[in-house]
Amino acid sequence: MTSLDPSLLDQEFPGAEEDVLYFNTAGRSILPQSVLAVGDESLRRKCTPWKGMGPVDVLASIRRRYATIIGCDEADVAVAPSTAYAMSLAAKNIGNAPNVSRGQSIVVLENQMASNVIPWQHLCQDRGLVLQVLSEPKGDVTWTEHIITFLLTRAPENPDVAVMTLPVVHWGTGRSIAVARVSAVLKQRYPQSYFVIDGTQSIGVLPFDVRALDVDFVACSVHKWLLGPYGASLMYLAKQHHSQWLGLDHHDRNRVGSTNPQWDTVGAMGPDGFPLEFMAGACRIDAGGHPNPIILPMVAAG
């Protein structure tokens, strides 16, 4: 996690009003002036496309900077247009896994963000799994204690937990969850389970290190604590899934050879179509389309 030099506050947020205290960054952050300037410059490039559309290594910059924030390798980072897209991608891949079967459960929290619930509802419908919603803990019981108690006291006759998908901070109440503790118990009790995290409410403001927990997939929208624009979510994919998971859409940007400047000019298509071998790493699940020349430079600057 990085911090902002207090001396830069007035420079980055000159529009702040003296009589306003803004506490809703967990909902939407104030866009820093440096990010706005990058967006303005990027948008203006569209007026003269013959001059180029900006840096060609913006995705590499995003992967590198985000990796330092969450404690992973650049090769573990992928980019999506939203966290709903990212969770839909995770649900599809987990649903296709051979160790996930009818009758198993997917665990979510009461009033959890819809982006991290609806994709799992569809997986339950498609594969015959059961959505289990943990109710809000009562009294002084924390979410962490509540979740761990649920895992440890779950009766043997109940179906196995196939997926537990949680936030680090609940978007509706602000209550935090010690995901490292939960992960340890989940993986000990259900070694074949998948642990998925929506870090949108916390990554960028609270310490988060994937090396400290056994997590399969993390998604984080950039328009909150990562101080970016709307329209992007950054994904972490654990290395054991790099060679199995697939993106939601099929495109050429994640194929071996597509970074060659001659790919489009000469044409890579042969008698059998295009090369299908994926590049190494999580970039195989990057969303398709040309890297957005307006949004992505702003994400890199955030």
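Which residues of H7 are buried? Keep that in mind while you get set up. This is a predicted model, where local features need pLDDT of at least 70, side-chain atom pairs count only at pLDDT 80 or more, and totals for chains, interfaces and linings use all residues. Residues are numbered from 1 along each chain as its sequence is written, and side-chain values use heavy atoms, with hydrogens and water left out.

**Stop 1: helix H7**

Select residues 179-189, which make up helix H7. Helices (H or I, at least four residues) and strands (E, at least two) are DSSP runs, numbered from the N terminus. Now colour Val-179, Val-182, Ser-183, Val-185, Leu-186 and Lys-187: these are the buried ones in H7. Buried means under 20% relative accessible area, exposed means over 50%, and partly exposed is in between (1.4 Å probe, protein chains only). Show H6, E4 and E5 too, since they are among the elements covering those buried residues.

**Stop 2: H7 and its partner H6**

Add helix H6, residues 143-153. Two packed helices are described by the angle between their axes and the distance between the axes. For H6 and H7, the angle is about 10° and the axes are 10 Å apart. Axes are lines fitted to C-alpha atoms, for helices over the stretch in contact, and angles run from 0 to 180 degrees between N-to-C directions. The two helices are therefore roughly parallel (angles under 35 degrees count as that, over 145 as roughly antiparallel, 65 to 115 as roughly perpendicular and the rest as oblique).

Which residues make the contact? On the H6 side, pick Thr-144, Ile-147, Ile-148, Leu-151, Leu-152 and Thr-153; on the H7 side, pick Arg-181, Val-182, Val-185, Leu-186 and Arg-189. Contact here means heavy atoms within 4.5 Å.

**Stop 3: helix H4**

Jump to residues 83-95, helix H4. With 10 of its 13 residues buried, H4 is largely enclosed by the rest of the structure. Among the buried ones are Thr-83, Tyr-85, Met-87 and Asn-93. Their cover includes helix H5 (118-127) and strands E1 (77-80), E4 (161-167), E5 (194-198), E6 (217-221) and E7 (233-237).

Next, zoom in on Ser-82, which caps the N-terminal end of H4. One of its side-chain oxygens sits 3.0 Å from the backbone nitrogen of Tyr-85.

**Stop 4: Ser-221**

Click on Ser-221 in strand E6. Is Ser-221 buried or exposed? Ser-221 is buried, with a relative accessible area of 9%. Turn on side chains and you'll find a polar contact of 2.7 Å between Ser-221 and Thr-83. A polar contact is a pair of N or O atoms within 3.5 Å; within protein, one must be able to donate a hydrogen and the other to accept it, and residues adjacent in sequence count only if both atoms are side-chain atoms. Leaving out residues up to four places away in sequence, Ser-221 also touches others, including Thr-200 and Leu-226.

**Stop 5: two loop residues**

Most residues other than glycine have a negative phi. Go to Leu-227, in the loop between E6 and E7, where phi is positive at about 60°. Leu-227 is partly exposed, at 25% relative accessible area. Then try Asn-111, whose phi is near 60°. Asn-111 is exposed, at 55%.

**Last stop: the loop between H8 and H9**

Finish with Asp-272, in the loop between helix H8 (262-267) and helix H9 (295-301). Asp-272 is exposed, with a relative accessible area of 79%. In that loop you'll also find Pro-275, which is partly exposed at 33%.

Key:
Expected span 1.5 Å × (residues − 1).
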